[in-house]
Amino acid sequence: MASQKVAAALSAIESVTHQPTKLEQYNNLLSDIVSSSAGDELAQDIVYYLDSVLNEDLSIGATRPLLDSFIAFLQKFDPEVQIKTGQHAVTLLQSRATSVEEQDSQIREILASAYESQEEYSAAARALSGINIDSSQRLVSDTAKARLWIRIVRYYLEDDDTTSAEGFLNRIKNLPSKLEEHDLKLYFQLSQARILDARRKFLDAAQEYFNVSLAVGVDENDRLAALSAAIRCAVLAPAGPQRSRFLSRLYKDERASSVDEFAILEKMFLDRLLNADEVTAFSQKLAPHQLAVTADGSTVLDKAVIEHNLVAASKLYNNIRIDALGAILGLKSSGDLSAGEKAEAYAAQMVQQGRLRGRIDQIDGVISFDTELSGGSGANGASLRQWDQGVQELAENVERVASTITDQFPEFATSQMVH
């Protein structure tokens, strides 16, 4: 409730009929309230002041300058007072917002910043989303619209509300003109990456994060953070040719070795089996939505690791029994399914989707893997070529060392040849 002094002053002003005198007295009272009140008392006095100013007795022409004075003081209030008084103001203005759009917009922006300082991000987004940007009363450029919507998207993402965030991001996509300002493009890419990440479209998210890490004008620490996010999403993406190509691109980036995720990136790029300790260490860097349990009871990370290890096993074996594959993948029997049957289900799905080349013999319980490489046929041809290449490289290295010894120590080399 307003203080007795303010209540009496408002009652006296409301009885004045001369408009210029009335406006002057309202402005003087507002200054007195701000100078003599604080905290909850200030908020209550301002609320009652707004109730008096925004009633139907004052014309729009008289209301606008009074709102301008209020906004000038509102910018200086503490966040808690800004929220109490600003929210009350926008509620009162709803019935006449079309007549005071500029003032309503300014109050909402101040209110959003106040909510942000209190980490009430969804409330901040709702405050901004109430701004009318399609009015005939004022012209709002596409750039200004995009900047407002990006801010709303950022707020919703802070509260992990990806559905609301995506709705405003789609508005930006549908703008007639493209984004021209560099910082808006960057925020758009980052927001899109975070939404794709939350939607578990990890390969697409990884690409967007990687693009952000390459953008000009980004702080080096932020670049590496985006690169780390790209690697995490790539690791979580479904195994297959597309992910392999992207892992290669990440691995060849000279910055990759400086981030914590490089170890798991390297093992995945080289198609090496991942052990439980490595997976546990990596899981500690993941966000909650990246560790969410799926319908079959496993996590996104569990599935990604199983699929990766299945591909890695296909590089090591020409064929393997299903139960042995289940043991390699670290699967455990549950319900009516054995570890081998689970391995078979994973392999069958990947073969069907074209992410793994192989054949499953259910009668013999054997999975055979296919590898198409030039100069050989299947996994045996690839293994023989790798062996031959290794032997050749070893022989060349031995010859190179022997030649160096002969050049540096000819007498020693001659004595060894005699013996």
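**Salt bridges, helices and surface of a predicted model**

The count of salt bridges in this structure comes to 15, taking a salt bridge as a side-chain nitrogen of Lys or Arg within 4 Å of a carboxyl oxygen of Asp or Glu. The structure is a predicted model, and every distance and area discussed here is computed from it.

One of the salt bridges joins Arg-108 to Asp-104, with 3.1 Å between the closest N and O atoms. Both residues belong to helix H6, where they sit four residues apart, about one turn of the helix. An α-helix has 3.6 residues a turn, so residues three or four places apart point the same way. Arg-108 and Asp-104 are both buried.

A second pair involving H6 reaches outside that helix. The side chains of Glu-116 and Arg-154 form a salt bridge at 3.5 Å, N to O. Glu-116 is in helix H6 and Arg-154 is in helix H8, so this pair ties together parts that are 38 residues apart in sequence. Glu-116 is partly exposed at 27% relative accessibility, and Arg-154 is partly exposed with a relative accessible area of 29%.

Further along the chain, Arg-359 and Asp-370 form a salt bridge in which the closest N and O atoms are 2.7 Å apart. Arg-359 lies in strand S2 (residues 358-361), while Asp-370 lies in the loop between strand S3 (366-369) and H19; the pair therefore ties together parts that are 11 residues apart in sequence. Asp-370 counts as partly exposed, at 28% relative accessibility. Salt bridges with shared partners also join Arg-147, Glu-181 and Asp-183 into one network.

Helix H8, which holds Arg-154, can be followed in more detail. H8 covers residues 142-158, and its 17 residues should span 24 Å at 1.5 Å a residue; the end C-alpha atoms are 24 Å apart, which agrees. The buried residues of H8 include Leu-148, Trp-149, Ile-150, Val-153, Tyr-155 and Tyr-156. Charged residues are found among them too, including Lys-145 and Arg-151. The partners against which the buried residues of H8 pack are helix H6 (101-117), helix H7 (121-129), helix H9 (162-173) and helix H10 (182-198).

Ile-152 gives a close view of this packing. Ile-152 is found in helix H8 and has a relative accessible area of 1%, which means that it is buried. Leaving aside residues up to four places away in sequence, Ile-152 touches Ala-125, Leu-128, Ser-129 and Phe-168. By contrast, the C-alpha atoms of Ile-152 and Ala-38 are separated by 31 Å, with their positions 114 residues apart along the chain. Just after H8, Asp-160 takes a positive phi of about 60°.

Two other residues with positive phi sit in loops. Glu-119 has a positive phi of about 60° although it is not a glycine, and is found in the loop between H6 and H7. With a relative accessible area of 58%, Glu-119 is exposed. Asp-271, also not a glycine, has a positive phi of about 55° and is found in the loop between H14 and helix H15 (276-283). The relative accessible area of Asp-271 is 24%, so Asp-271 is partly exposed.

Helix H3 (residues 39-53) lies earlier in the chain. Its 15 residues should span 21 Å at 1.5 Å a residue, and the end C-alpha atoms are 21 Å apart, which agrees. Buried residues of H3 include Leu-42, Ile-46, Val-47, Tyr-49, Leu-50 and Val-53. They pack against helix H1 (4-14), helix H2 (19-36), helix H4 (60-74) and helix H5 (79-93). In the loop between H4 and H5 lies Lys-76, which is exposed with a relative accessible area of 69%. Lys-76 and Ile-110 are 34 residues apart in sequence, and their C-alpha atoms are 9.9 Å apart in space.

In helix H13 (residues 241-251), the buried residues are Arg-243, Phe-246, Leu-247, Ser-248 and Leu-250. Their cover includes helix H11 (202-214), helix H12 (220-236), helix H14 (262-269) and helix H16 (300-316).

On the surface, Val-401, Ile-405, Phe-409 and Phe-412 form a nonpolar patch with about 390 Å² of accessible area together. Val-401 is in helix H19 (residues 378-408) and counts as partly exposed at 48% relative accessibility.

At the level of the whole chain, the division is into domain 1 (1-131) and domain 2 (317-370). The C-alpha centres of domain 1 and domain 2 are 68 Å apart.

Terms used:
Residues are numbered from 1 along each chain as its sequence is written. This is a predicted model: local features need pLDDT of at least 70, side-chain atom pairs count only at pLDDT 80 or more; totals for chains, interfaces and linings use all residues. Side-chain values use heavy atoms; hydrogens and water are left out. The expected span of a helix is 1.5 Å times one less than its number of residues. Buried means under 20% relative accessible area, exposed over 50%, partly exposed in between (1.4 Å probe, protein chains only). Contact means heavy atoms within 4.5 Å. Patches are made of residues with over 30% relative accessible area and no salt bridge: like charges are joined within 9 Å, nonpolar side chains (Val, Leu, Ile, Met, Phe, Trp, Tyr) within 5 Å. Accessible areas come from the Shrake-Rupley method with a 1.4 Å probe; for residues, only the protein chains shown count as cover. Domain bounds come from an automatic or database domain assignment.
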